[in-house]
Amino acid sequence: MKIKENILNALNGQIKAEFDSAFLYLSMAADMYKIGLDGIGHWLYVQYREEQDHALKIFNYLVQRGEKPELLALEQPVYEWEEPCDIFRLALEHEQFVTRSINELVSLAKSEEDYATDVFLHWYVMEQIEEERQVQDILDKIRMAGENGNGLLFIDDELSERKYEPIDQETD
Ligand code: FEO
C-alpha cells in the first residue's frame, strides 16, 4: 500500500531533522576538538554517526515501501559555543525538539491508519528516551563539575570511551 502524501512529507522532514542533528553534533565536535576537549569531541562525533543512522533508517523504510525519499536542504549548524555546558544544554533542547517531532509523526500515522509507519516509529519513540537521558546525564555532570577544571577533564576522559555501534537498518 502506498504511503499517503502527508505522511511521506513528514517522514522526509524527519530524515532532514536527523541529518540536521548529525550536522549539529559534528559542528559541536569540531568546537570541542578545537579547544582540546578531545573526549567530549569524540562522544559528539559518535553521536553524529548515530544521527546519520537514524536518518538512513527512515530512508531505507521509504525505499522498502516503494517510495523515493526526498533529501531536503540542511540547516547551517551553530558553529561556536562558549563552553561545554552550552553545547549540552542546546543538545538537550534539540533532542526534546526531535522527540516532539517523532511524537507528532506517530499521531499522524495513527490518525491516517498507517499502521506500518506507526509500528516502524516505535523504535524512534524508545530511542528518544535514551537520547534525552544520555544528554541530560552529561549536562548534569558538567554542571556538577562547575568551574572545576579537573572535574571537566574527568568527564572528558569518561566520554572518550564511547564506542560507535551501528544501528540496525533493517525494518523487517
Ligand atoms: Fe536522532 Fe538524537 O535523535
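**Exercise 1.** Where is the place of Asp114?

*Solution.* Asp114 lies in the loop between helix 3 and helix 4; helices are DSSP runs of H or I with at least four residues, numbered from the N terminus. The model is predicted: local features need pLDDT of at least 70, side-chain atom pairs count only at pLDDT 80 or more, and totals for chains, interfaces and linings use all residues. Residues are numbered from 1 along each chain as its sequence is written, and side-chain values use heavy atoms, with hydrogens and water left out.

**Exercise 2.** Determine whether Asp114 is buried or exposed, and identify its surroundings.

*Solution.* Step 1: Asp114 has a relative accessible area of 6% and is therefore buried (buried is under 20%, exposed over 50%, partly exposed in between, with a 1.4 Å probe and protein chains only). Step 2: Asp114 touches Ile3, Ile7, Tyr61, Arg65 and Ala109, not counting residues up to four places away in sequence; contact means heavy atoms within 4.5 Å. Step 3: with Arg65, Asp114 shares a side-chain polar contact of 3.4 Å (a pair of N or O atoms within 3.5 Å; within protein, one must be able to donate a hydrogen and the other to accept it, and residues adjacent in sequence count only if both atoms are side-chain atoms). Step 4: Ile3 is 111 residues from Asp114 in sequence, yet 7.7 Å away in space, C-alpha to C-alpha.

**Exercise 3.** Describe the charge environment of Glu131 in helix 4 (residues 115-145).

*Solution.* Step 1: Glu131 is buried and has no salt bridge (a side-chain nitrogen of Lys or Arg within 4 Å of a carboxyl oxygen of Asp or Glu). Step 2: the nearest side chain of opposite charge, Arg162, is 5.3 Å away; Lys and Arg count as positive, Asp and Glu as negative, while His and the chain ends are not counted. Step 3: the side chains of Glu131 and Gln47 are joined by a polar contact of 2.8 Å. Step 4: beyond four places in sequence, Glu131 touches Gln47, Glu50, Glu51, His54 and Glu95.

**Exercise 4.** Compare the settings of Gln134 and Ile87.

*Solution.* Step 1: Gln134 is found in helix 4, whereas Ile87 is in helix 3. Step 2: Gln134 is buried at a relative accessible area of 13%, and Ile87 is buried at 0%. Step 3: beyond four places in sequence, Gln134 touches Trp43, Gln47 and Arg162, while Ile87 touches Met28, Asp31, Met32, Leu44 and Trp81. Step 4: the two residues are 47 apart in sequence and 13 Å apart in space, C-alpha to C-alpha.

Technical notes. Helix = DSSP H or I, 4+ residues; strand = E, 2+ residues; numbered from the N terminus.
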